Amino acid sequence: MKKTEDSNVILTEIVFPNDTNPIGILHGGKLIQWMDTASAICSQLHSNKICVTASIDNVVFKKPILLGDIVTIKAKVTRAFNTSMEIFVEVLSKKIDDNTPLVTNTAYFTFVALDKDGKPSPIQELIPSNDIEKEEYERALLRRERRKDDIYHKKK
Ligand SMILES: CC(C)(COP(=O)(O)OP(=O)(O)OC[C@H]1O[C@@H](n2cnc3c(N)ncnc32)[C@H](O)[C@@H]1OP(=O)(O)O)[C@@H](O)C(=O)NCCC(=O)NCCS
């Protein structure tokens, strides 16, 4: 059994010209790559196994991230199931001359742990430690049910 804090990940990046569209906004695909990297590390710290991305839902782009911004990507496990786990990712962005970070993006990633043959492999349970973590833990089950209901998830 593990706690959320055992696998929390904080990744920091800066937006370079190569990462933006023609009006200086960070490309969505680049941001998702950073979010995927942070959540992959998080899932592997929780499971101590190689993990792959199974799904990404509810990627929200609340505010644009601009050229030169400092971007912090935070990833934490909300719940571990049998071989899969849900990771919540929150992105904060700030200007170099402003100390107040803004929450710009959020998303839920599902990762599956694999064994040496590349097959889904059982993982440790997550024990939520405070009220916010307990609420996320409960809601993760509902989100999992919704995902399972998706036609493309059902299709083999
Ligand atoms: C993810 C993957 C390993 C699942 O394999 P599978 O044979 O479908 O496995 P199963 O049906 O036995 O499901 C295993 C777990 O994955 C979960 N899962 C499978 N598809 C999922 C999806 N679309 N969304 C969320 N969870 C999913 C299942 O709910 C199950 O969770 P549980 O063990 O905690 O109950 C497989 O679909 C795969 O390899 N996908 C490609 C991954 C990839 O290339 N990612 C990008 C590179 S990292």
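This is a short tutorial dialogue on a predicted model, taking the sheet and then the ligand site.

User: Let's begin with the sheet. What is the order of the strands in it?

Analyst: Happy to start there. Strand order is read across the sheet, and here it is 2-4-5-6-3, in an open sheet of five strands with antiparallel pairing. Strand 2 (9-14) and strand 3 are at the edges with a single partner strand each, so one side of each has no neighbour in the sheet. From one strand to the next, the twist averages 25°.

User: How many bridges join strand 5 and strand 6?

Analyst: Strand 5 (residues 84-94) pairs with strand 6 over 10 bridges, in the antiparallel sense. To find your place in the register, look at Met 85, which stands opposite Phe 111 in strand 6.

User: And the helices: which strands does helix 1 touch?

Analyst: Helix 1 (residues 28-47) packs on the sheet and touches strand 2, strand 3, strand 4 (70-80), strand 5 and strand 6. Its direction makes about 50° with that of strand 6. Helix 2 lies across strand 3, strand 4, strand 5 and strand 6, and runs at about 85° to strand 4.

User: Now the ligand. Which residues are the closest to it?

Analyst: A good way in is to list the shell and then look at individual atoms. The ligand is surrounded by 16 residues, the closest being Thr 53, Asn 82, Thr 83, Ser 84 and Arg 144. By class, six residues of the shell are nonpolar, seven polar and three charged.

User: Where are the polar atoms that face it?

Analyst: A polar side-chain atom of Thr 83 is 2.6 Å from an oxygen atom of the ligand. A polar backbone atom of Thr 53 lies 3.0 Å from a ligand nitrogen atom. For Ser 55, an N or O atom in the side chain is 3.2 Å from a nitrogen atom of the ligand. As for cover, the ligand taken alone exposes 940 Å², and the protein buries 56% of that.

User: Which elements give two or more residues to the shell?

Analyst: They are strand 3 (50-61), strand 6 (102-114) and helix 2 (131-149). Strand 3 gives the largest share, four residues.

Note on methods
Residues numbered from 1 in each chain as written. Predicted model: local features only at pLDDT ≥ 70, side-chain atom pairs only at ≥ 80, totals over all residues. Heavy atoms only, no water. Near = heavy atom within 4 Å. Polar contact = N/O pair within 3.5 Å; in protein donor to acceptor, adjacent residues only side chain to side chain. Areas by Shrake-Rupley, 256 points an atom, 1.4 Å probe, with all protein chains shown as cover. Nonpolar A, V, L, I, M, F, W, Y, C, P; charged D, E, K, R; others polar. Pairing = 2+ DSSP bridges. Axes fitted to C-alpha atoms, helices over the stretch in contact; angles between N-to-C directions. Contact = heavy atoms within 4.5 Å.
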